[in-house]
Structures are given as C-alpha cells and as structure tokens.
Amino acid sequence: MEDQKYIRKVQCSVTNFLYYGDDYLLLHRSPNKRIDANLFNGIGGRVEPVENYLDAAIRETEEETGFNVSPENISLAGIVKLEGGYSEDWVMCFFKIKVPSKIIPLGNETEDGKLIWINKEKVLNSNYELVDDLNYCFKDIVAGDSIFFFTGKVNNDQKIYDANTTKLSIK
C-alpha cells in the first residue's frame, strides 16, 4: 500500500527578482487574488506543460513587465519547496534578473497587482508584508554568491513554521 501522506498535487513555478542597481522590482498582489493576496513577492507564475524553468522565467518576465530578458542577464538564485498550507505543494525556482532600466515597459499596474521598486536594504526592514519565504531567502537572492535550496513547512495561515536551507557555493 502506498504511503498516502506523500500524495499531494505539486505546482511548479518561477519567482523572478528583477533588479536595477540596488533596487528590486516587487509585485504587491491585489487583495482579490486567490494566492498570496495583498502580499509582496517577486514576479512570476506557473511553469506551463513541457516548459522548463528558465523559459518560464523569461516568459513571465516579459508577460508581466514587458522586459525582454535573455539568459546572460539571469542567474539561478535558489530552489524553494513549500509543503502544506496551500491546497497544493509548490516547487519554485527563484531567479535574479538584471534589467536595463527602472522604467517598466508595461507600466506598474498589472492584473495581478502593482509593481514597485524597493531598495534591497528596505525589503526586509519595512512595513511591507512579504510572502513568508522571502523572509528566509531574500538576503541570499541579493548576495548571489550561492544557490540555495530551501524547504519550508507551511501552516494554514501560509506562514512557515519549519524550514531547512542548504547552500551550494558558486565557483
């Protein structure tokens, strides 16, 4: 008999952290959104069938901001797995993407919410309510000196109550 505790639907997605200088572009999700309503997060979405994570990162960046980015402007920051708390588990690739300007080609209003540039020093030290995994991963995203592997157990309030991070140095 199979162990039923391991049978859950898994969503694959990308979260992109676009930056220009010391500023990062975050999305303040609309309060009417089903997932992460009224919270700040990077830009991204689900990986489509037969699409890989890098192609999804490029597509999502263009769809949500209008920035046309290529692999030479992108680095893998980490892989995040969230278990519980949501109706399905999530496996996400976090990418750090350098953009040529703070002028957002599609503007700062999207169907998902409002895009806001925030200085890297203020993201964790502000009144912005972030999706909880950013409280664990944002410093590593900014540092960019390793690829992190993060697993978090999430409660029904979508807060992480148990976490594990391992880092792989970039040589």
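## Lys 167 and its polar contact

In this predicted model, the side chains of Lys 167 and Asp 140 are joined by a polar contact of 2.8 Å. Lys 167 belongs to strand β9, while Asp 140 is among the buried residues of helix α3. Apart from residues up to four places away in sequence, Lys 167 touches Asp 140, Ser 146, Ile 147 and Phe 148.

Lys 167 has a relative accessible area of 49%, and because exposed means over 50%, this residue is classed as partly exposed. Its C-alpha atom is separated by 27 Å from that of Arg 59, which lies 108 residues away along the chain.

## Helix α3

Helix α3 covers residues 132-143, and its buried residues are Asp 132, Asp 133, Leu 134, Cys 137, Phe 138, Asp 140, Ile 141 and Val 142. An α-helix has 3.6 residues a turn, so residues three or four places apart point the same way.

Just after α3 comes Gly 144, with a positive phi of about 65 degrees.

## The hairpin of β8 and β9

Strand β8 (residues 146-154) and strand β9 (residues 160-169) run antiparallel and are joined by 9 bridges. Within this pairing, Ser 169 in β9 stands opposite Ser 146. In a regular strand the side chains alternate between the two faces of the sheet.

The hairpin has 5 residues between its strands. One residue of the loop between β8 and β9 is Gln 158, which has a positive phi of about 60 degrees although it is not a glycine. Most residues other than glycine have a negative phi. Gln 158 is partly exposed, because its relative accessible area is 27%.

## A second positive phi, at Val 50

Val 50 is not a glycine either, yet it has a positive phi of about 65 degrees. This residue is found in the loop between β4 and α1. Is Val 50 buried or exposed? With a relative accessibility of 89%, Val 50 counts as exposed.

## The cavity

Rolling a probe the size of a water molecule over the atoms shows where empty space is left. How many cavities of 30 Å³ or more does the structure hold? There is 1 such cavity, and the largest cavity encloses about 40 Å³ of space.

The lining of the largest cavity is formed by Leu 82, Tyr 86, Val 131, Asp 132, Asp 133, Val 154, Gln 158 and Ile 160. By class, this lining has 5 nonpolar residues, 1 polar residue and 2 charged residues. Several of these residues have been met above: Asp 132 and Asp 133 are among the buried residues of α3, and Gln 158 is placed in the loop between β8 and β9.

## The largest pocket

The largest pocket has a volume of about 540 Å³. Its lining comprises 26 residues, of which Arg 29, Ile 35, Gly 44, Gly 45 and Trp 90 are the closest to the centre of the pocket. Two or more residues of the lining come from each of β1 (10-20), β2 (23-29), β4 (43-46), α1 (53-65) and β6. Which element gives the most to this lining? That element is β4, with 4 residues.

The lining of the largest pocket divides into 9 nonpolar, 6 polar and 11 charged residues.

## Asp 89 in strand β6

Asp 89 lies in strand β6, which spans residues 89-98. Its relative accessibility is 13%, and because buried means under 20%, Asp 89 counts as buried.

The side chain of Asp 89 reaches the backbone nitrogen of Gly 84 at 2.9 Å. Leaving aside residues up to four places away in sequence, Asp 89 touches Arg 8, Lys 9, Val 10, Gln 11, Leu 82, Glu 83 and Gly 84. One of these, Leu 82, also lines the largest cavity.

## Cys 12 in strand β1

Cys 12 is found in strand β1. This residue counts as partly exposed, because its relative accessibility is 32%. When residues up to four places away in sequence are not counted, Cys 12 touches Arg 46, Val 47, Tyr 53 and Val 91.

From C-alpha to C-alpha, Cys 12 and Glu 64 are 18 Å apart in space, and they are 52 residues apart in sequence.

How values were computed. Residues numbered from 1 in each chain as written. Predicted model: local features only at pLDDT ≥ 70, side-chain atom pairs only at ≥ 80, totals over all residues. Heavy atoms only, no water. Buried < 20%, exposed > 50% of the residue type's maximum accessible area, 1.4 Å probe, protein only. Polar contact = N/O pair within 3.5 Å; in protein donor to acceptor, adjacent residues only side chain to side chain. Contact = heavy atoms within 4.5 Å. Pairing = 2+ DSSP bridges. 1 Å grid on protein atoms, 1.4 Å probe; cavity = no way out; pocket = protein on both sides within 12 Å on 5 of 7 lines; lining within 4 Å. Points joined across faces, edges and corners; volume = space filled by probe spheres on them. Nonpolar A, V, L, I, M, F, W, Y, C, P; charged D, E, K, R; others polar.
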